[in-house]
Amino acid sequence: MKKVFTLIMAAFIGTSVAMAGGTQSIQETISKQLIVPADVLKENYEKVTIDFKMKPDGEITLISVDSQNADLKKHVMNHFKEIDFSKAEKLAEGNYSINVFFKSM
């Protein structure tokens, strides 16, 4: 059975925040919770760009997902809303973008 590894490369347009106690970075939170089945990947290594907005109250809203793999894009869009950001860092209000790399092994 193939396993999928999620690698996140931060391409944040914004500031970096020092982590306090039990707070995780946004990248860590996404990489731990956004897992896709290996059969969704068409290649051994695929990139998805996720654009999201940090609202003043700390809520994160998905803006868009960009991927050449339509199934992977759909999966990320459907499961992004299930990510629990309650222990994640609170970034300044604004729009952010990250690249997520999924690798099948």
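Where in the chain does Phe-85 lie? Phe-85 lies in the loop between α2 and β4, and that spot is a good way into this fold. What follows describes a predicted model, in which residues are numbered from 1 along each chain as its sequence is written. Local features need pLDDT of at least 70 and side-chain atom pairs count only at pLDDT 80 or more, while totals for chains, interfaces and linings use all residues; side-chain values use heavy atoms, with hydrogens and water left out.

**The overall layout**

The chain holds two helices and four strands, in the order β-α-β-β-α-β along the sequence. Helices (H or I, at least four residues) and strands (E, at least two) are DSSP runs, numbered from the N terminus. Of the 105 residues, 39% count as buried; buried means under 20% relative accessible area, exposed over 50% and partly exposed in between, using a 1.4 Å probe and protein chains only. Among contacts with a separation of 6 or more, 79% come from residues 24 or more positions apart, where a contact means heavy atoms within 4.5 Å.

How confident is the predictor? The average pLDDT (the predictor's confidence in each residue, from 0 to 100) is 81 for the chain, and 79% of the residues score at least 70. Residues 8-20 are another story: pLDDT stays under 50 there, and the model has 31 contacts beyond four places in sequence for this stretch.

**The core and helix α2**

The largest nonpolar core has 23 residues, and Ile-26, Ile-50 and Phe-102 touch the most other members. Such a core is a set of buried Ala, Val, Leu, Ile, Met, Phe, Trp, Tyr and Cys residues joined through side-chain atoms within 4.5 Å. Two or more residues each come from α1 (26-33), β2, β3, α2 and β4 (94-104).

Now for α2. Its residues Leu-72, His-75, Val-76 and Phe-80 are buried. They span an arc of only 120° around the axis, so they sit on the same side of α2; the arc is that of the directions from the helix axis to the C-beta atoms. An α-helix has 3.6 residues a turn, so residues three or four places apart point the same way. Ala-70 and Lys-74, on the other side of α2, are exposed. The cover over the buried residues of α2 includes α1, β2, β3 and β4.

At the N-terminal end of α2, Asn-69 acts as a cap, with a side-chain oxygen 3.0 Å from the backbone nitrogen of Asp-71. The backbone nitrogen of Asn-69 is in turn 3.1 Å from a polar atom of the Ser-67 side chain. Ser-67 itself is in the loop between β3 (60-66) and α2 (70-80), and it counts as buried because its relative accessible area is 14%. Leaving out residues up to four places away in sequence, Ser-67 touches Lys-47, Val-48, Leu-72 and Lys-73.

**Thr-49 in β2**

Thr-49 lies in strand β2 (residues 45-54) and is buried, at 14% relative accessible area. Its side chain makes a polar contact of 2.8 Å with the side chain of Asn-99. A polar contact is a pair of N or O atoms within 3.5 Å; within protein, one must be able to donate a hydrogen and the other to accept it, and residues adjacent in sequence count only if both atoms are side-chain atoms. Beyond four places in sequence, the residues in contact with Thr-49 are Ser-64, Val-65, Asp-66, Ser-97, Ile-98 and Asn-99.

**The aromatic rings**

The structure holds four aromatic pairs. Rings of Phe, Tyr and Trp (its six-membered ring) pair if their centres lie within 6.5 Å; planes under 30 degrees apart count as stacked, over 60 as edge-to-face and the rest as tilted. Here are two of the pairs:

| Pair | Centre to centre | Angle of planes | Type |
|---|---|---|---|
| Phe-52 and Phe-80 | 6.4 Å | 35° | tilted |
| Phe-52 and Tyr-96 | 5.8 Å | 20° | stacked |

Phe-52 in strand β2 and Phe-80 in helix α2 are 28 residues apart, while Phe-52 and Tyr-96 (in strand β4) are 44 residues apart. Phe-52 is buried at 0% relative accessibility, and Tyr-96 is buried at 4%.

Ring pairs join Phe-52, Phe-80, Phe-85 and Tyr-96 into a cluster, which brings us back to Phe-85. At 13% relative accessibility, Phe-85 is buried too. Not counting residues up to four places away in sequence, Phe-85 touches Ile-26, Thr-29, Ile-30, Ile-60, Phe-80 and Lys-90.
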